[in-house]
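Please open the model in your viewer and keep the sequence panel beside it. The stops below are meant to be taken in order, each beginning with something to select.

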Amino acid sequence: MAHILVIDDDVLLRDVVTQMLEKDNHYVEAACDGDEGLRMFRKNTPDIVITDIIMPGTEGLEIIKEMVRLVDDLPIVAMSGGGRHSSYTNNLKIAKALGARAMLPKPFTRTELFEAITVAMG
Amino acid sequence: MDALKETTEKEYCKILQQVVFADDPDNREIHLADAFELGRNSVSQLMMPPDELVSIHHAAVLRLSEEHPELTLGEVAGLLTLPLIEISMSYGMSFREQVEQRYQDIVDRRLQQANKLEAVGTLAAGISHDFNNILGSIIGYAELIDDELPEGSSGKKNIKHLLTASMRARDLVARMLAFARQGENCGMVVVDAVSEIREALDLVNVTEKEFTISLQTGIAPASVMAKPGQVQQIVMNLCINAVDAMAQSGEIRVYVERATASQCGYDGAASGLCVMVSDRGHGMTPEMQERIFDPFFTTKEPGKGTGLGLSIVHSLVAELGGELTVESRTSGDNCGSDFRFILPLVSDEQQGTGCRRSCSRLAAAQCMGR
C-alpha cells in the first residue's frame, strides 16, 4: 500500500482516480488545485504524486518543480489533457524535464493509470 | 475558325485531364485557373463566341471520358462544373466580368478553406483539455461500474459498449488534434539551401538557354529548416519570373550570403541566409509591386502565366519563417527587379541529424509559376 497524493481541479476525474487507487488498497489524499496540493504535500509527504498540469492557481509544472526541490527522487506522474496554447505532448515533455517520472495523457484507462504508476516507481 | 477551335479543344482537353487527375485540390484549382484563362483568351482575344466554348467543353469532356473508360461521363463532367458553361448560359454580367468573378471565387474559396482549417485547429485545441477531462471521467467511472456488475449481465455488456464508444471519442479527439497540427513543421528537415539553389539554377539553365545565370555565394553550406525541394522551388519560380521580365535574353544574377543583423527580423536569431535574385528586365511600378504577391495577379500576356508563381514563393518563404521583399526600377541603367528572401539559418548545435541534400528534380515538376 502506498500513500498517494492526487491533484486535479476536475472534481470527477479526481474522484474517479481516487476510487481506482483506493480499490487497489492505496491510501489516497486528493487536492483540488496546486496550492492545496502543495499544502498537503508539505504536511504529509506522500510516496507518489499524481498531478494534473493545467490548473487554476499554481500550475502543475510549478508544483512538480517545487516538490522535486523539496524531496529528492520523488515518483511523480504528470497528467494532461492538452491546453489551449500548447499540445499535451509539449506539456508532458516539460513536466518530464522538470522531474516527473511518468506521463499520462488524458483520457486514460485504469490499466494505463497503473502502468504509469509502475513506471514512476521505477 | 475551325483550326482555332480544334487547337483550343486540344488544349482545353489537356487542361481538363490535368484537372481531373490533379493529385491534390490545389493543383486542381491551378489547372482550373488555366482553363479559365484559356476561355478568357478565346473569347476576348480570338473573338470566339461563348457557345463555341460550351461545345468545346462538351467535346473535351467526351474525349476525356473515352480515353478514360474507368471514369463515367458524369464523373468527368461532375468534377468540372466549369464556368465556361455557367458563364455563357447566365445573364447580367459580361462574359469577361463573370470569368473574373470566378477567379475571385477561387481565391475566396481558398481563403475560406484556410479559415476552416484554422477554425478546426482552434476548436480542437480549445476543447481538447476540457473534453479529455470529461472523457477521462466517463471511462474511469465506466470501469469502476464494470467491476461491480456480474459476468454475463446485460449491464456488463452495456458498460463494454459505453467504454468502446468512449475510446472512439478519444481517438476522434486525437485525430482532430493531429489534423490541427499537421502543417506544423511537418516533414521539415535540415537542408543545404546552397545545394538546392544550385540545382534550381541548373534546371533553369537547361530550359532557358538564351539567358545567362550567375551565382555568387559567400556561404556554403547554408543549413535551413525546410521540406526538401522547397528552397529549390522558391528559386526556380523567382528565376522564371526574372526570365519572363526580360525580353529574349539577358542575365539573371543570384547572390547568396549571410544576412546582416538588420536584415534578420527573427526574435533573437543571430544569423540568417539572404538570397537575392536580380534581373535587368522591365521592372515594376510601385502599384504593381503592391499586388505582385497576390494570387492570380499577373502582368504577363494572357496565356503566359497563372499569376501564382510569386504568391507561391511568398507563401513558401513565410512557411519557412522567412521574409520576402522586392525592389524594382522601371527606368534608368539600373532598370529591373531584385527579389530578396531571408531564411533563418540552423546553427551547428541545432543540427541533430546533419545536412540532407535536396531531393532531385522533384521541384521542377512542382514548379507552378507559369
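Before selecting anything, bear in mind that this is a predicted model. Begin with chain A, whose accessible surface comes to about 5,600 Å², with 50% of that belonging to carbon and sulfur atoms. Colour chain A by secondary structure and you will find 5 helices and 5 strands, which follow one another along the sequence in the pattern β-α-β-α-β-α-β-α-β-α. Of the 122 residues in chain A, 55% count as buried, and among its contacts with a separation of 6 or more, 66% are accounted for by residues 24 or more positions apart.

Now select the residues at the boundary between the two chains. Chain A brings 23 residues to the contact and chain B brings 20 residues. The size of an interface is often given as the accessible area lost when the parts come together. Between chain A and chain B the buried area is about 2,000 Å², and carbon and sulfur atoms give 50% of it. There are 4 salt bridges between the two chains; to see a salt bridge at this boundary, show the side chains of Glu112(A) and Arg170(B), which meet at 3.0 Å, N to O.

Move next to chain B as a whole, where 12 helices and 7 strands are to be found. Buried residues make up 45% of the 370 residues in this chain, while the surface that chain B exposes is about 19,000 Å², with 53% supplied by carbon and sulfur atoms. Residues 24 or more positions apart account for 73% of the chain B contacts with a separation of 6 or more.

Within chain B, select the strands of the open sheet, which has 5 strands in the order E2-E4-E5-E7-E6 and mixed pairing. The edges are strand E2 (211-217) and strand E6 (323-329) of chain B, each of which pairs on one side only. Looking across the sheet, you can follow a twist that averages 15° from one strand to the next. For a closer view of one pairing, take strand E4 (residues 250-258) and strand E5 (residues 272-279) of chain B, which run antiparallel and are joined by 6 bridges; Glu257(B) has Cys274(B) as its bridge partner in E5(B).

Which helices pack on this sheet? Helix H9 (residues 230-245) of chain B does, touching E2, E4, E5 and strand E7 (336-344), and its direction makes about 175° with that of E7(B). Helix H11 (residues 309-319) of chain B also packs on the sheet, where it touches E6 and E7 of chain B, and its direction makes about 140° with that of E6(B).

Stay on H11(B) and display its side chains: the buried residues include Leu310(B), Ile312(B), Val313(B), Leu316(B) and Val317(B). The buried residues of this helix pack against H9, E6 and E7 of chain B.

End the tour in the loop between H11 and E6 of chain B, where Leu320(B) is found. Is Leu320(B) buried or exposed? Its relative accessible area is 8%, so it counts as buried, the cut-off being under 20%. Select its contacts beyond four places in sequence, among them Met188(B), Met225(B), Ile234(B) and Leu343(B). Met188(B) lies 132 residues from Leu320(B) along the chain, yet their C-alpha atoms are separated by 9.2 Å. Lastly, click on Gly321(B), just after H11(B), which takes a positive phi of about 75°.

Conventions:
Residues numbered from 1 in each chain as written. Chains lettered and ligands numbered in written order. Predicted model: local features only at pLDDT ≥ 70, side-chain atom pairs only at ≥ 80, totals over all residues. Heavy atoms only, no water. Helix = DSSP H or I, 4+ residues; strand = E, 2+ residues; numbered from the N terminus. Buried < 20%, exposed > 50% of the residue type's maximum accessible area, 1.4 Å probe, protein only. Contact = heavy atoms within 4.5 Å. Areas by Shrake-Rupley, 256 points an atom, 1.4 Å probe, with all protein chains shown as cover. Pairing = 2+ DSSP bridges. Axes fitted to C-alpha atoms, helices over the stretch in contact; angles between N-to-C directions. Buried area = accessible area lost by both parts, 1.4 Å probe.
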